[in-house]
Amino acid sequence: MKFETKVIHAGIEPDPSTGAIMTPIYQTSTYVQDAPGKHKGYEYARTQNPTRTVLEKNLAALENGTDAICFASGLAAMDAVLKLLEPGDEIISTFELYGGSYRLMTQIFAKYGIIAHFIDLNDKSSLRNHINEKTKLIWIETPTNPMLSVLDIKYICSIAKKTGILTCVDSTFATPYLQRPIDLGADMVHHSATKYLAGHSDVILGAVITNSNELSDRLHYIQNASGAIPGPQDCFLTLRGIKTLHLRVQRACDNAMEIAAFLKKNRKIDRVFYPGFKDAHNHLVAKRQMSHYGAMISFTLKSDTKRAANKVLSRTKLFSLAESLGGVESLIGHPATMTHASIPKKDRLSIGLTDSLIRLSIGVEHVDDLIADLKSAIS
Ligand SMILES: *Cc1c(COP(=O)(O)O)cnc(C)c1O
């Protein structure tokens, strides 16, 4: 099946008991057994739930994996991946990591002796220098937030494979419509399905997809043991969202390309970060590993102050000022005071995250209206 067919049909069948075309929300905690141990494959809903199973089959197919494990949130999914490690093990990750992922590694797992190194994963010699016999996981995130840098998944996974290190790609910003890390050599793909997969800003959910039976068994075991499962209603909403993933992401990407070009021409704007520009950092890697450049854009103002940024942020009418991304509606955000407020200013500036940096999550409204909204807010 092609991707556009898979989003609607992969793993999804009419409900066997009624013929309902939509996967029912199995709102149950337990399942009746005919005799002790004689059941239909479902015993207790922390372990399995039919609505969740359908979502997992669908996601596995979209990422060209063999299995998916869905969690209560993106961070709960990451938590399970990190629990594959033992005290003393080391992680290598990017210094442009999502703030919550950074916090999970440095504030929670570090307490249990699992140490993470945050480096420029685009720097090949730095990557090689940080690998030692304790390195057990490379956690890749691409494109990154909010600088929209692109990492070369195929190259990093090939280095990891040679040394027996696991790889996991946080592919939240790309979705399987734009990039499929397992095809590029990754052991696991991670998603905050809260964003594009569910796509309507109404659910928190996470997933890990793999093509290794061993990893899938271990992750199911960890999930059952630790308990961070999503509810069936949230699985249903995510399944419903995924049915239009290709339509939404394509339109959002098309809108983003026009908006990025508009921003680049605007005299009040200094820099525009968008992987689709020919002169963008790692543009050729993006071109090779993604089918489009995504729908996230960041930009800075010539007047590089929080005050100038605040004026723009408070004057848009269609772009709502909010955290998160990937919904059908466009959002605008200020990383320096919102998502990245906990990062010291010096560290922020070193990656280009200046005071006036504004991040846009482009939705699927008409692009003319979005451009008009930005134009009036910026002027
Ligand atoms: C939102 C996000 C997460 C965390 O996901 P939650 O569903 O909020 O727990 C992880 N990684 C990236 C890139 C994100 O954008």
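Tutor: In this predicted model, helices and strands are DSSP runs numbered from the N terminus, a helix needing at least four residues (H or I) and a strand at least two (E). With those labels, Pro-143 is placed in the loop between β4 and α6 (153–162).

Student: What describes the peptide bond from Thr-142 to Pro-143, and where does Pro-146 lie?

Tutor: The bond from Thr-142 to Pro-143 is cis, with omega near -10°. Pro-146 also belongs to the loop between β4 and α6, and the bond leading to Pro-146 from Asn-145 is cis with omega near 0°.

Student: What makes the contacts of Gly-74, Ser-192 and Lys-195 with the ligand polar contacts?

Tutor: The cut-off for a pair of N or O atoms is 3.5 Å. A backbone N or O atom of Gly-74 is 2.9 Å from a ligand oxygen, a side-chain N or O atom of Ser-192 is 2.9 Å from a ligand oxygen, and for the side chain of Lys-195 the value is 2.7 Å; each pair therefore falls within 3.5 Å and counts as a polar contact. As for exposure, the ligand taken alone exposes 380 Å², of which the protein buries 93%.

Student: Which pocket does the ligand take up, and how do the residues of its shell divide?

Tutor: The space taken by the ligand is the largest pocket. The shell divides into four nonpolar, five polar and three charged residues, and among its members are Tyr-98, Glu-141, Asp-170, Phe-173 and Leu-325.

Student: Why is the pair of Asp-89 and Lys-136 called a salt bridge?

Tutor: Side chains of opposite charge can pair when their charged atoms come close. The definition asks for a side-chain nitrogen of Lys or Arg within 4 Å of a carboxyl oxygen of Asp or Glu. Between Asp-89 and Lys-136 the N to O distance is 3.5 Å, so the pair meets that cut-off and is called a salt bridge. The whole structure holds 11 salt bridges by this search.

Student: What does the pair of Asp-89 and Lys-136 tie together?

Tutor: Asp-89 sits in the loop between α3 (74–82) and β2 (90–94), while Lys-136 belongs to strand β4 (residues 135–141), so the pair ties together parts that are 47 residues apart in sequence.

Student: What is notable about phi of Asn-64, and where does Asn-64 lie?

Tutor: Phi of Asn-64 is near 55°, which is a positive value in a residue other than glycine. Asn-64 is found in the loop between α2 (50–62) and β1 (67–71).

Note on methods:
Residues numbered from 1 in each chain as written. Predicted model: local features only at pLDDT ≥ 70, side-chain atom pairs only at ≥ 80, totals over all residues. Heavy atoms only, no water. Near = heavy atom within 4 Å. Polar contact = N/O pair within 3.5 Å; in protein donor to acceptor, adjacent residues only side chain to side chain. Areas by Shrake-Rupley, 256 points an atom, 1.4 Å probe, with all protein chains shown as cover. 1 Å grid on protein atoms, 1.4 Å probe; cavity = no way out; pocket = protein on both sides within 12 Å on 5 of 7 lines; lining within 4 Å. Sits in = over half its atoms within 2 Å of the grid points. Nonpolar A, V, L, I, M, F, W, Y, C, P; charged D, E, K, R; others polar.
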